[in-house]
Amino acid sequence: MKSNSALCTLALLFTTGLAHLSIAQDDEGLQLDDLFEEDFEMEEAPSIHDPFEKVNRAIFDFNDEVYATFGRPFANAYARVMPDPVERSITNVFTNLKFPSRFVGNVLQGRFGEASKETGQFVVNTTVGIGGIFRVSDKIPSLQTNKEDFGQALGSWGVKHGFYIVLPILGPSSLRDFASDFVDDAIEPIPSPNTVIDDSTDRMVIRTVEVVNQFPSLMNLYDSMKRSAIDPYASVRDAYAQRRAIQISE
């Protein structure tokens, strides 16, 4: 039993790590496709302090090996067996469950109109969309809004990144956004401490399903980044800072 728990924990760490490539991921914040979108270019690129670059680069290389050795094979296998409609439905359900952190992120920034739209999305998708399986709200223009999180709220208050960090397996972040992840988790229904699911193993399984479902798209984006960047480390770091700056300014 103990060995099964350990394996499950390792699986969760790995899958959570890949999801964290999306920076504040499911935390909904920043996706790798967002990082390399053409429209994220700014006239003046914001900087992020990187006093631990040597250590960060070593961890970045380690993560790269882990993704290549385990992430890509797993993503390919998952994409072969999982129908696209099912994959989208799973993503939709978990996106819907993250309504509390988006709602609070908007309220803390004084964006009460956006908070109302988030509430409308949640109600429509939970009821008409059958528990969030279908994103019916996407067809309602008046409910469209930007995704918010606690890190964006801090940024809007003038709190800077602090410094850039690359976490083992978990990937790129900053002191501000890493700390903010814990706040987002605290107000969402699946993670501890305010979870609605009592059994820790059940929570771990649900979390693993959530992140595994993102594997194919995350690995495709990561491979694209490696092909196009002369220095992938610097590319990801700069893109991270730029995208977060744009999200905060929106």
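These legends walk through close-up views of a predicted model. Residues are numbered from 1 along each chain as its sequence is written, and side-chain values use heavy atoms, leaving out hydrogens and water. Because this is a prediction, local features need pLDDT of at least 70 and side-chain atom pairs count only at pLDDT 80 or more, while totals for chains, interfaces and linings use all residues.

**View 1. The largest nonpolar core has 15 residues.** A nonpolar core is a set of buried Ala, Val, Leu, Ile, Met, Phe, Trp, Tyr and Cys residues joined through side-chain atoms within 4.5 Å. Buried means under 20% relative accessible area, exposed means over 50%, and partly exposed is in between (1.4 Å probe, protein chains only). Look for Ile48, Phe60, Tyr164, Val166, Met219, Tyr222 and Tyr233, which touch the most other members. Two or more residues each come from helix H3 (53-81), strand S1 (164-167), helix H10 (215-228) and helix H11 (232-249). Helices (H or I, at least four residues) and strands (E, at least two) are DSSP runs, numbered from the N terminus. Apart from this core lies another one, of five residues, including Tyr78, Met82, Ile90 and Phe94.

**View 2. Tyr164 and its aromatic company.** Phe60, Tyr164, Tyr233 and Tyr240 make up one aromatic cluster. Rings of Phe, Tyr and Trp (its six-membered ring) pair if their centres lie within 6.5 Å; planes under 30 degrees apart count as stacked, over 60 as edge-to-face and the rest as tilted. Leaving aside residues up to four places away in sequence, Tyr164 also touches others, among them Ile48, Asp50, Pro172 and Arg237. Contact here means heavy atoms within 4.5 Å. Both Tyr164 and Tyr233 are buried.

**View 3. Phe74 meets Phe215 edge-to-face.** The structure holds nine aromatic pairs. In this one, the rings sit 5.0 Å apart, centre to centre, with 70 degrees between the planes. Phe74 belongs to helix H3 and Phe215 to helix H10, so the pair ties together parts that are 141 residues apart in sequence. How much of each ring's residue is left open? Phe74 is partly exposed, at 37% relative accessible area, whereas Phe215 is buried, at 0%.

**View 4. Helices H3 and H11 pack together.** Their axes are 10 Å apart, at an angle of about 110 degrees. Axes are lines fitted to C-alpha atoms, for helices over the stretch in contact, and angles run from 0 to 180 degrees between N-to-C directions. That makes H3 roughly perpendicular to H11. Angles under 35 degrees count as roughly parallel, over 145 as roughly antiparallel, 65 to 115 as roughly perpendicular and the rest as oblique. Glu53, Asn56, Arg57 and Phe60 in H3 meet Pro232, Tyr233, Ala234, Val236 and Arg237 in H11.

**View 5. Helix H5 (residues 99-108) and its neighbours.** Phe99, Ser101, Arg102, Gly105 and Asn106 are the buried residues of H5. What covers them includes helix H4 (84-97), helix H6 (112-127), helix H7 (150-156) and helix H8 (175-186). The axes of H4 and H5 come within 5 Å and cross at roughly 45 degrees, which makes H4 oblique to H5. Thr95, Asn96 and Leu97 of H4 make the contact with Phe99, Pro100 and Arg102 of H5. Just past the end of H5, Gly110 takes a positive phi of about 75 degrees.
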